Amino acid sequence: MPGVKWLERPEAHDFPAAADYLALLADAQTVTQLTERLKAGNVVHKKAKDILRAARLRLLPADNPHVAADLAKIEKGQPLSAILLVRGDLVTGVALQIADGYHRVCASYHTDENTDIPVVLADPPRA
């Protein structure tokens, strides 16, 4: 299988998807702040294995329909959208949140767990 190609920025539709997910975890004001931080954030690169560990999420199987669709894109050489993350807190035990891109992270892991994934990593608002 070819290596994973990535867009250097998230696609526009990723931000509303991230906000929908984050709305399950936080109030509207916090979601708005996080979404703005994600939109304005800089891209850094992280490895799939580290993202899954920090988020405390299991690797979805390659036959998961969404992971399989992303694996098909990888096979065709199509780039995947960058990932949107909200930083966790080691001191309080809060896990990293994959606000958008869980399936893409899993597809990347199945291809090569050490692939550098472009991510926007936003810090949560402080209380």
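Student: Why does Leu121 count as partly exposed?

Tutor: Buried is the word for under 20% relative accessible area and exposed for over 50%, with partly exposed in between, using a 1.4 Å probe and protein chains only. Leu121 has a relative accessibility of 24%, and therefore it counts as partly exposed. Please keep in mind that this is a predicted model, in which local features need pLDDT of at least 70 and side-chain atom pairs count only at pLDDT 80 or more, while totals for chains, interfaces and linings use all residues. Residues are numbered from 1 along each chain as its sequence is written, and side-chain values use heavy atoms, with hydrogens and water left out.

Student: Where is Leu121, and with which residues is Leu121 in contact?

Tutor: Leu121 belongs to strand β4, where strands (E, at least two residues) and helices (H or I, at least four) are DSSP runs numbered from the N terminus. Contact means heavy atoms within 4.5 Å, and, once neighbours within four places in sequence are set aside, Leu121 is in contact with Asn42, Leu85, Val86, Arg87 and Leu96. One of these partners, Val86, is 35 residues away along the chain, yet the C-alpha atoms of Leu121 and Val86 are separated by 5.6 Å.

Student: How do you know which strands are the edge strands?

Tutor: Two strands pair if DSSP finds at least two bridges between them. By that rule, 4 strands form an open sheet with mixed pairing, in the order β1-β4-β2-β3. The strands β1 (43-47) and β3 (97-100) each pair on one side only, and these are the edge strands. From one strand to the next, the twist averages 45°.

Student: What makes the pairing mixed?

Tutor: Strands of a sheet pair through backbone hydrogen bonds, either parallel or antiparallel. Here β1 and strand β4 (residues 116-122) run antiparallel and are joined by 5 bridges, with Asp116 in β4 as the bridge partner of Lys47. In contrast, β2 and β4 pair in the parallel sense over 4 bridges, whereas β2 and β3 pair in the antiparallel sense over 3 bridges. Leu84 shows the two sides of this arrangement, standing opposite Val120 in β4 and opposite Asp100 in β3.

Student: How do you know that both faces of β2 are covered?

Tutor: In a regular strand the side chains alternate between the two faces of the sheet. In β2, Ile83 and Leu85 lie on one side and Leu84 and Val86 on the other, and all of them are buried, so that both faces are covered under the cut-off for buried residues.

Student: Why is α4 called oblique to α5?

Tutor: Axes are lines fitted to C-alpha atoms, for helices over the stretch in contact, and angles run from 0 to 180 degrees between N-to-C directions. Helix α4 (residues 65-75) packs against helix α5 (residues 102-111) at an angle of about 55°, with the axes 8 Å apart. Angles under 35 degrees count as roughly parallel, over 145 as roughly antiparallel, 65 to 115 as roughly perpendicular and the rest as oblique, and this makes α4 oblique to α5. The contact involves His66, Val67, Asp70, Leu71 and Ile74 of α4, together with His103, Arg104, Cys106, Ala107, Ser108, His110 and Thr111 of α5.

Student: What makes α3 and α5 oblique to each other?

Tutor: The axes of helix α3 (residues 48-55) and α5 cross at roughly 135° and come within 9 Å. That angle falls in none of the named ranges, and therefore α3 and α5 are oblique to each other. Ala48, Lys49, Ile51 and Leu52 of α3 make the contact with Tyr102, Val105, Cys106, Ser108 and Tyr109 of α5.

Student: Why does Arg56 count as exposed?

Tutor: Arg56 has a relative accessibility of 56%, which lies over the cut-off for exposed residues, and so Arg56 counts as exposed. Arg56 sits in the loop between α3 and α4, and, although it is not a glycine, Arg56 has a positive phi of about 60°.

Student: How do you know whether Arg58 is buried or exposed?

Tutor: The relative accessible area of Arg58 is 57%, so Arg58 is exposed. Arg58 is also found in the loop between α3 and α4, and, not counting residues up to four places away in sequence, Arg58 touches Leu52, Tyr102 and Cys106.
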